[in-house]
Amino acid sequence: MLNLDRLRTLSAVARHGSVSAAADGLHVTTSAVSQQIAKLERETGQQLLAKNGRGVRLTDAGRLLADHAVRILSQVELAQAELEAHRGQAVGELRMGAFPTAARGLFPAALAGMRAAHPQLRAHLTEMEPDESVRGVVRGDIDLAVVLDWYNRPLSLPDGLAKSPLLDDPADVAMPATHPLARRSSVELEEFAEDEWISWPQGEFCNEWLMFTLRSKGIEPRIAHMAEEHGTQLALIAAGLGVAVAPRLGRGPVPEGVSVVPVRHTMRRHVYAIWRADADRRPSIRAAVGALRTAAEQVEAD
């Protein structure tokens, strides 16, 4: 009898390409992954991994079993979803991912609401960027993710995912309070062509969006600093070190020395929940989406 946890571990090694990356994806140690693979090799009587330089590769038997593992685990998940739906209660474990401002702006209220309404549901949240969240949902590392795209830059989603819109999040321009445009009621991005910008780190979806958007308006961005957290960006702005796009979701108090001005032609992020379509009937998914919608409605009302 093949052990499902060990098949899940082999599948993670196949997806991630290494033992250490699989351990990160499964939130366990590399030693635990190696032990699970060793036990699976004893169960099957075949070598599943072979050394490849400093890393490992799947043997022919390993690739064969990993392909079967994907189908087996998918069928197990479908069975669990149907059993949960038959029971009609949100129970068990639900693993979720969200980008930082959604984790801060939506999840405290949503998680509290889920705990009160569904005490047998164990919900776990991990902060992660949208691209990473999408991959995590597709691979089955997480059950649900809250992701974003921008009004002029949609996020590509693979087949097999379901989604539900949560809210549209307006974004303003944050600038030092001494900036010549700081007292305006609204601004246009073109007015900041000569300013230095504070951006998200290179390679992140929002950084790529900012570069695309400024260049589409004829502005070649002068990126002075990069910071992932909006709080850090605002602190840099307060010190007079640049301007930044500042979405409203999860923004928190604006520090002294910073002015936040709306953009005349509104910039918006579209925020939505995604999950695997084969888990659509799970009450826990529906409970999470409902709690997130309630939290989003409160944010929009404030």
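1. Let's start with charge: the mean positions of the 34 positive and 38 negative charges of the chain lie 5 Å apart. Here Lys and Arg count as positive, Asp and Glu as negative, while His and the chain ends are not counted. Each charge is placed at NZ of Lys, CZ of Arg, CG of Asp or CD of Glu.

2. A word on what you are looking at: this is a predicted model, in which local features need pLDDT of at least 70 and side-chain atom pairs count only at pLDDT 80 or more, while totals for chains, interfaces and linings use all residues. Residues are numbered from 1 along each chain as its sequence is written, and side-chain values use heavy atoms, with hydrogens and water left out.

3. Now the overall picture. The chain has ten helices and ten strands; these are DSSP runs numbered from the N terminus, with helices being H or I of at least four residues and strands E of at least two. Along its principal axes, the C-alpha trace spans about 75 × 50 × 30 Å. Of the 302 residues, 46% count as buried (buried is under 20% relative accessible area, exposed over 50%, partly exposed in between, with a 1.4 Å probe and protein chains only). Contact means heavy atoms within 4.5 Å, and residues 24 or more positions apart account for 75% of the contacts with a separation of 6 or more.

4. At the start of the chain, the unreviewed UniProt entry annotates residues 2-59 as "domain: HTH lysR-type"; such annotations may be inferred rather than shown by experiment. In the model, this stretch is 62% helix and 14% strand, and its end C-alpha atoms are 18 Å apart.

5. Have a look at helix α6, residues 107-117, where the buried residues are F107, A110 and M114. Why do they line one face? Viewed down the axis of α6, they fall within an arc of 65°, the arc being that of the directions from the helix axis to the C-beta atoms. A109, R115 and A116 are exposed on the other side of α6. The buried residues pack against β3, α5, β4, β5 and α10.

6. Helix α9, residues 230-238, makes a nice companion, with H230, Q233, L234 and I237 as its buried residues. These cover an arc of only 95° around the axis, so they sit on the same side of α9. Among the elements covering them are α5, β6, β7, β9 and β10. After α9 comes G240, which has a positive phi near 80°.

7. Next, three buried strand residues. W150 belongs to β5 and is buried at 1% relative accessibility. Not counting residues up to four places away in sequence, its contacts include W200, F205, W209 and H270. The C-alpha atoms of W150 and W275 are separated by 20 Å, with their places 125 residues apart along the chain.

8. L161 is found in strand β6 and is buried, with a relative accessible area of 18%. How far apart are L161 and A277 in space? Their C-alpha atoms are 5.0 Å apart, although 116 residues separate them in sequence. Beyond neighbours within four places in sequence, L161 contacts V134, V137, V138, I274, W275, R276 and A277.

9. Finally, S259 lies in strand β10, residues 258-276. Is S259 buried or exposed? S259 is buried, because its relative accessible area is 15%. Leaving aside neighbours within four places in sequence, S259 is in contact with V173, A174, M175, P176, A177 and A182.
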